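Okay, thanks for having me on the agenda. I'd like to walk through one model with you, so let me put the sequence and the structure up.

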Amino acid sequence: MVTVSLRGGGCAPDQLNQRLAEATGGRCLDVSDDLATELTAEVARTGTGDAR
């Protein structure tokens, strides 16, 4: 599962978004990341079946 935080710090270790991502083996994307690039990469990985 990929969680996306639209608030800075939403992917900090004690935040729900990060805990969900860790529990599902997914990733947490934070507004401080380059969201457009990161989301594009996630869609590309999903489309090719590349699960990380």
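Quick bit of vocabulary before anything else: when I say "contact", I mean heavy atoms within 4.5 Å. And keep in mind that this is a predicted model.

So, with that word in hand, let's start at aspartate 30. You'll find aspartate 30 in the loop that runs between strand S2 (27-29) and helix H2 (35-48). What is aspartate 30 in contact with, if we leave aside its neighbours within four places in sequence? The list is Ser5, Arg7, Gly8, Gly9, Gly10, Cys11 and Leu35.

Now, aspartate 30 is buried, yet there's no salt bridge on it. Which side chain of opposite charge is nearest to aspartate 30? That's arginine 7, and it sits 8.9 Å away. For reference, a salt bridge here needs a Lys or Arg side-chain nitrogen within 4 Å of a carboxyl oxygen of Asp or Glu. What the side chain of aspartate 30 does reach is backbone: the nitrogen of glycine 10 at 2.9 Å, and the nitrogen of cysteine 11 at 3.0 Å.

Okay, on to the charged pairs. How many salt bridges does the count come to? Three. Let me take them one by one.

Arginine 27 pairs with glutamate 38, and the closest N and O atoms there are 2.5 Å apart. That one joins distant parts of the chain, with arginine 27 in strand S2, glutamate 38 in helix H2, and their positions eleven residues apart. Arginine 27 is partly exposed, at a relative accessible area of 21%, and glutamate 38 is partly exposed too, at 25%.

Then glutamate 42 makes a salt bridge with arginine 27, at 2.8 Å between the closest N and O atoms. Glutamate 42 is in helix H2 and arginine 27 is in strand S2, so this pair ties together parts 15 residues apart in sequence.

And glutamate 42 also bridges to arginine 45, where the closest N and O atoms are 2.7 Å apart. Those two are three residues apart in helix H2, so about one helical turn separates them. Is glutamate 42 buried or exposed? With 12% relative accessibility, glutamate 42 counts as buried, because the cut-off for buried is under 20%. Arginine 45 counts as buried as well, at 16%.

Put it together and you get a network of salt bridges linking Arg27, Glu38, Glu42 and Arg45.

Let me jump to the start of the chain. Methionine 1 is in the segment before S1. Its C-alpha is 8.4 Å from the C-alpha of cysteine 28, although the two residues are 27 apart along the chain. Setting aside neighbours within four places in sequence, methionine 1 is in contact with Leu20, Ala21, Thr24, Gly26 and Arg27. And yes, Arg27 is the one from the salt-bridge network.

Last stop is the surface. Which residues form a nonpolar patch there? Val2, Val4, Leu6 and Leu39, with about 340 Å² of accessible area together. Leucine 6 is in the loop between strand S1 (2-4) and helix H1 (16-24), and with a relative accessible area of 68% leucine 6 is exposed.

That's my tour, so over to you for questions.

Terms used:
Residues are numbered from 1 along each chain as its sequence is written. This is a predicted model: local features need pLDDT of at least 70, side-chain atom pairs count only at pLDDT 80 or more; totals for chains, interfaces and linings use all residues. Side-chain values use heavy atoms; hydrogens and water are left out. Patches are made of residues with over 30% relative accessible area and no salt bridge: like charges are joined within 9 Å, nonpolar side chains (Val, Leu, Ile, Met, Phe, Trp, Tyr) within 5 Å. Accessible areas come from the Shrake-Rupley method with a 1.4 Å probe; for residues, only the protein chains shown count as cover. Helices (H or I, at least four residues) and strands (E, at least two) are DSSP runs, numbered from the N terminus. Buried means under 20% relative accessible area, exposed over 50%, partly exposed in between (1.4 Å probe, protein chains only). Lys and Arg count as positive and Asp and Glu as negative; His and the chain ends are not counted. A polar contact is a pair of N or O atoms within 3.5 Å; within protein, one must be able to donate a hydrogen and the other to accept it, and residues adjacent in sequence count only if both atoms are side-chain atoms.
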